[in-house]
Amino acid sequence: MPIQWIPGSGWQANSYITGGMLIDAGVLPMALERFRNTIETIILTHGHFDHTAHLAEIQAMTGAEVCIHKEDEIALRSEVESLSFNFGGHPPMMIPDRILSDGDRIGELLVIHTPGHTRGSICLYHEEERALISGDTVFPHGSFGRTDFPGGNTDDLRASIERLIPLDIDALYPGHDQPVTEGAKKHLLATQHCLRSYYG
């Protein structure tokens, strides 16, 4: 099923819709109004505030279950782990309905645990679409998520990128910047090269 991009505005992260699933919840609820009756699941790529800022309102609007990796679950209730203090906000103060682990499947999406930006960062792989929804693990043009926040680790990020390289990927849907809808593998390889160059 195709992936629809809901662009973030300002500091808000991108969101994506596919098959009754919403990935990330930093966008304003009004941006999702037309999907309110079809969103059944909210998957968070990690717990930073720019990806969760409107989680409570969106969950109330849709009644969707909330899913996050077990290592980032605390960020839904911690100002430090969520970085909400950096944005002048507060974490959503929610308990997720489902705790995710590496290898889980939600609909057509495979959960891949990719720590580095945070301990519980995940990417979501859509095999049929040859697409990777990457959160803040990897961005286009060789860029990648910062590792100097609480829970970040450069060695973990480098290992996560190495793990993604073998995937058959043509499209990349990042947490920030514009999606790449063809030839995305070269962007992933560029990130691998940059990490090796910067950190050995």
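A polar contact is a pair of N or O atoms within 3.5 Å. The legends below describe close-up views of a predicted model.

**View 1. Tyr16 makes side-chain polar contacts in strand β2.** Y16 sits in β2, which spans residues 15-18. Its side chain makes a polar contact with the side chain of N14, at 3.4 Å. A polar atom of the Y16 side chain also lies 2.6 Å from the backbone oxygen of P174. Y16 counts as buried because its relative accessibility is 2%, and buried means under 20%. Beyond its neighbours within four places in sequence, Y16 is in contact with I3, Q4, W5, M21, L22, I23, I133, Y173, P174 and P179. Between Y16 and P29 there are 13 Å in space, C-alpha to C-alpha, for a separation of 13 residues in sequence.

**View 2. P174 is a buried residue of strand β11.** The strand covers residues 171-174. P174 has a relative accessible area of 0%, so it is buried. Neighbours within four places in sequence aside, P174 is in contact with N14, Y16, S134, G135, V138, F139, P140 and P179. I122 is 52 residues away from P174 in sequence, and their C-alpha atoms are 12 Å apart.

**View 3. Helix α4 has buried residues on the same side.** The helix runs over residues 154-164, and its buried residues are T154, L157, R158, S160, I161 and L164. These residues cover an arc of only 160 degrees around the axis, and therefore lie on the same side of α4. An α-helix has 3.6 residues a turn, so residues three or four places apart point the same way. The buried residues of α4 pack against three strands, β8 (109-113), β9 (122-126) and β10 (131-135), and against α5 (185-199). At the N-terminal end of α4, N153 acts as the cap. A side-chain oxygen of N153 lies 3.0 Å from the backbone nitrogen of D155.

**View 4. The largest pocket has a mixed lining.** Its volume is about 160 Å³. The lining consists of H48, D50, L83, F87, H117, D136, F139, G145, R146, F149 and H176. By class, four of these residues are nonpolar, four polar and three charged. F139 lines the pocket and is also in contact with P174.

**View 5. One cavity reaches 30 Å³ or more.** The largest cavity has a volume of about 50 Å³. Lining residues are E71, D72, I74, A75, E81, T118, R119, P150 and G151. Four of them are charged, three nonpolar and two polar.

**View 6. T52 is buried in helix α1.** This helix comprises residues 49-52. T52 counts as buried because its relative accessibility is 0%. With neighbours within four places in sequence left aside, T52 is in contact with A25, G26, L44, H46, G47, L76 and P92.

**View 7. S84 is buried in a loop.** The loop holding S84 connects α3 (79-82) and β6 (98-100). At 0% relative accessibility, S84 is therefore classed as buried. Setting aside neighbours within four places in sequence, S84 is in contact with F49, E79, G89, H90 and P91.

Terms used. Residues are numbered from 1 along each chain as its sequence is written. This is a predicted model: local features need pLDDT of at least 70, side-chain atom pairs count only at pLDDT 80 or more; totals for chains, interfaces and linings use all residues. Side-chain values use heavy atoms; hydrogens and water are left out. Buried means under 20% relative accessible area, exposed over 50%, partly exposed in between (1.4 Å probe, protein chains only). Helices (H or I, at least four residues) and strands (E, at least two) are DSSP runs, numbered from the N terminus. The arc is that of the directions from the helix axis to the C-beta atoms. Contact means heavy atoms within 4.5 Å. A polar contact is a pair of N or O atoms within 3.5 Å; within protein, one must be able to donate a hydrogen and the other to accept it, and residues adjacent in sequence count only if both atoms are side-chain atoms. On a 1 Å grid over the protein atoms alone, a cavity is a set of points where a 1.4 Å probe fits but cannot get out, and a pocket is an open set with protein on both sides within 12 Å along at least five of seven lines; lining residues have an atom within 4 Å of a point. Grid points are joined across faces, edges and corners, and a volume is the space filled by probe spheres set on the points. Ala, Val, Leu, Ile, Met, Phe, Trp, Tyr, Cys and Pro count as nonpolar, Asp, Glu, Lys and Arg as charged, and the others, Gly among them, as polar.
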